[in-house]
Amino acid sequence: MAAPTQEQLKTLEQSRQRLVQLTRSLASLITSLNQSDPLPSWSSLQSQASIISNNLLSVSDHLSDNRDLLTSLVAYPGPEYPGRTQANTLEQLLRTKLDPRVEDWVARGRKAGASALEDKSGLAEAELAELWDWAPVEANQEARRRNWGGNFTLEEREMGVQNVVTGLARVLEDEGSESEEEEEEGEEDEMEIVGVRRQSAGAGFEFDIAPASAAQHQQQKFVEPAVPLEDILRFMTTGAEPGKR
């Protein structure tokens, strides 16, 4: 076979670069898992997995595009190759069979691929597309029926949030109960006018102010307020005394 051309050498160099990137990304993930204590965050692992996935896709596309060239190339040492000092590298280059570990991976991959093709009970592509079109809408409707409010549903609150198994290491806070407590506190802070009378000295009126809870008791005692609320608001805005227009 003739010596490879510059374009073929360029293709081989691109293959080497892509494989180096994949090897480094895998090594980075292994190092972070072995040396980090505690383990890396979920976002960090997801980012590294995404990088590895992109590198795998790049290598796969490159090998598929150059399949004819890579399957036809044959490696052999030239007279100037330092075979005595680089014997290990030479053995790897001249190896005609896969590494035993790689052979096991390839065998398992081919077996899984063959079983997937033979499995007729699986969904066809059209059925999978229909499933993915249906699933998001149905999931959204189910979420609305569950009456979500914060980290727990209404059913889970009624059952008791302490009995809910989330599968998470951290404890979720019941935001719904906190908002209810804030609303109750806000209601307690509200004030209401429960009475009005003329000042003993000088012109003007005095107003009796009470919390909303006390005002409710006052409303239960009185059938109607001493001064209509409309007259009170008119006095506050125009200065007209109640009962006068």
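Here are four short exercises with worked solutions on the predicted model shown above.

**Exercise 1. Getting your bearings**

Task: Work out how many helices and strands the chain has, and in what order the elements run.

Solution: Start with the tally, which comes to 10 helices and 4 strands. Next, walk along the chain from the N terminus, and you will read α-α-α-α-α-α-β-β-α-α-β-β-α-α. Then turn to the surface: about 20,300 Å² of the chain is accessible, and carbon and sulfur atoms hold 53% of that area. Of the 245 residues, 13% count as buried. Finally, look at the contacts with a separation of 6 or more: 33% of them link residues 24 or more positions apart.

**Exercise 2. How two helices pack**

Task: Describe how helix H1 and helix H2 are arranged relative to each other.

Solution: First find the two helices, H1 at residues 6-35 and H2 at residues 42-65. Their axes come within 9 Å and cross at roughly 160 degrees. Angles over 145 degrees count as roughly antiparallel, so H1 is roughly antiparallel to H2. For the handedness, the crossing of H1 past H2 is left-handed. As for the residues of this contact, 10 are nonpolar, 11 are polar and 1 is charged.

**Exercise 3. A threonine in H1**

Task: Decide whether Thr11 is buried or exposed, and list what Thr11 touches beyond its sequence neighbours.

Solution: Begin by placing Thr11, which sits in helix H1. The relative accessible area of Thr11 is 11%. The cut-off for buried is under 20%, so Thr11 is buried. Leaving out residues up to four places away in sequence, Thr11 touches His62, Asn66 and Leu69.

**Exercise 4. An unusual peptide bond**

Task: Say what kind of peptide bond joins Asp37 and Pro38, and where Pro38 lies.

Solution: Check omega for the bond between Asp37 and Pro38: the value is about 5 degrees, and the bond is cis. For background, most peptide bonds are trans. Now locate Pro38, and you will find this residue in the loop between H1 and H2.

Technical notes:
Residues numbered from 1 in each chain as written. Predicted model: local features only at pLDDT ≥ 70, side-chain atom pairs only at ≥ 80, totals over all residues. Heavy atoms only, no water. Axes fitted to C-alpha atoms, helices over the stretch in contact; angles between N-to-C directions. Parallel < 35°, antiparallel > 145°, perpendicular 65-115°, else oblique. Left-handed = near helix turned anticlockwise from the far one by under 90°. Nonpolar A, V, L, I, M, F, W, Y, C, P; charged D, E, K, R; others polar. Buried < 20%, exposed > 50% of the residue type's maximum accessible area, 1.4 Å probe, protein only. Contact = heavy atoms within 4.5 Å. Areas by Shrake-Rupley, 256 points an atom, 1.4 Å probe, with all protein chains shown as cover.
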